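Reader: I'm new to this one and would love a close look at a single part. Could you pick the spot around the ligand and walk me through it?

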Amino acid sequence: MARQFFVGGNFKMNGSVESIKKIISYLNDAKLDPNTEVVIAPPALYLLLAREHLKPGLEIAAQNVFDKPNGAFTGEISVDQLKDSNITWTLLGHSERRVILQEDDAFVAAKTKAALDGGIGVILCCGESLEQRESGKTIEVVTSQLKAVAEQVKDWSKIVIAYEPIWAIGTGKVASTEQAQEVHAAIRQWLKKELGDKTAEETRIIYGGSVSEKNCKDLCKQPDIDGFLVGGASLKPAFVDIINSHLCK
Ligand SMILES: O=C(CO)COP(=O)(O)O
């Protein structure tokens with residue numbers, strides 16, 4: 001079974017009511033490849049606005065969710081609150097949260113479990129720093145981030161893995177097609193070993209890190225690259241070209 005191409009737009013802490021409405025109306029009017037699953041992740045404050053305006057068939061992700069069901073957790077959002085707002089996905093484990101907000105593997109795993117248990121799909125981010133890459137630890141780092149989740153979650157059918165090398169995020173320094181394919185293939189190999197053939201065959205592994213309308217066409221031809229998680233370019237009209245890049249696969 002061919003894996004459906006998946007493109008996520010991570011707006012990070014960018015946008016306003018006006019600019020997000022503009023991006024959404026651009027997406028609503030654009031001719032998008034119907035075979036690509038499209039999910040945008042605006043800041044939490046704009047999730048409902050996005051759901052209200054984005055056309056059906058295009059999905060919305062939170063950028064984070066908490067692992068407790070409700071209660072005294074100031075500043076956090078629960079899985080049930082996402083569901084109540086028709087938000088069907090969440091990003092988790094983004095390197096900006098791992099590094100700046102010091103989220104560790106166990107916390108990312110607990111949140112992944114909570115989201116999946118509640119029926120929310122997870123775009124699970126992993127990736128190495130430049131230092132780790134230069135010391136040959138890329139595969140070890142990425143698989144240990146995934147292993148923490150595999151210890152708590154056996155059913156990966158609602159997980160999309162986003163491989164995002166930290167050194168390529170927001171730097172304009174995209175991983176080469178060979179570098180990206182090598183890590184994606186290693187992740188698939190790891191999935192096969194830890195979770196079996198079916199999970200390895202069916203799990204989407206998408207690439208993130210300075211993806212643009214220029215580099216997406218070569219990247220998407222790689223056999224183990226099943227889509228993209230796009231930061232900066234998801235705020236621009238170029239996002240549509242990235243969504244449609246699959247057409248040239
Ligand atoms: O972090 C990213 C997506 O989650 C990638 O960001 P950029 O596309 O801006 O490099």
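**Around the ligand**

Author: Sure! Keep in mind that this is a predicted model. The ligand is surrounded by 14 residues, and the closest are Asn10, Ile169, Gly208, Gly231 and Gly232. Sorted by class, that shell holds five nonpolar, eight polar and one charged residues.

Let's follow Gly208 back into its strand. In β7, Ile205 and Tyr207 point one way while Ile206 and Gly208 point the other way, and all of them are buried. β7 has strands to pair with, too. Strand β6 (residues 159-163) runs parallel to β7, joined to it by three bridges, and here alanine 162 sits opposite isoleucine 206. Strand β8 (residues 227-230) also pairs with β7 in the parallel sense, over two bridges. Tyrosine 207 has phenylalanine 228 as its bridge partner in β8.

Now step on to glycine 209, which lies in the loop between β7 (205-208) and α10 (216-219). Glycine 209 counts as buried because 26 other C-beta atoms lie within 10 Å, and the cut-off for buried is 20 or more. Beyond its neighbours within four places in sequence, glycine 209 is in contact with Glu164, Pro165, Ala168, Ile169, Val174 and Ala175. Ile169 is also among the closest residues to the ligand. Then there's lysine 173: it is 36 residues from glycine 209 in sequence, yet their C-alpha atoms are 7.6 Å apart in space.

One last link: Ala162, the residue opposite isoleucine 206, is also touched by isoleucine 123. In the largest nonpolar core, which has 71 residues, Ile123 and Leu124 touch the most other members.

Note on methods. Residues numbered from 1 in each chain as written. Predicted model: local features only at pLDDT ≥ 70, side-chain atom pairs only at ≥ 80, totals over all residues. Near = placed C-beta within 6 Å. Nonpolar A, V, L, I, M, F, W, Y, C, P; charged D, E, K, R; others polar. Core = buried A, V, L, I, M, F, W, Y, C linked by C-beta atoms within 7 Å. Buried ≥ 20, exposed ≤ 12 C-beta atoms within 10 Å, placed from the backbone. Contact = placed C-beta atoms within 7 Å. Helix = DSSP H or I, 4+ residues; strand = E, 2+ residues; numbered from the N terminus. Pairing = 2+ DSSP bridges.
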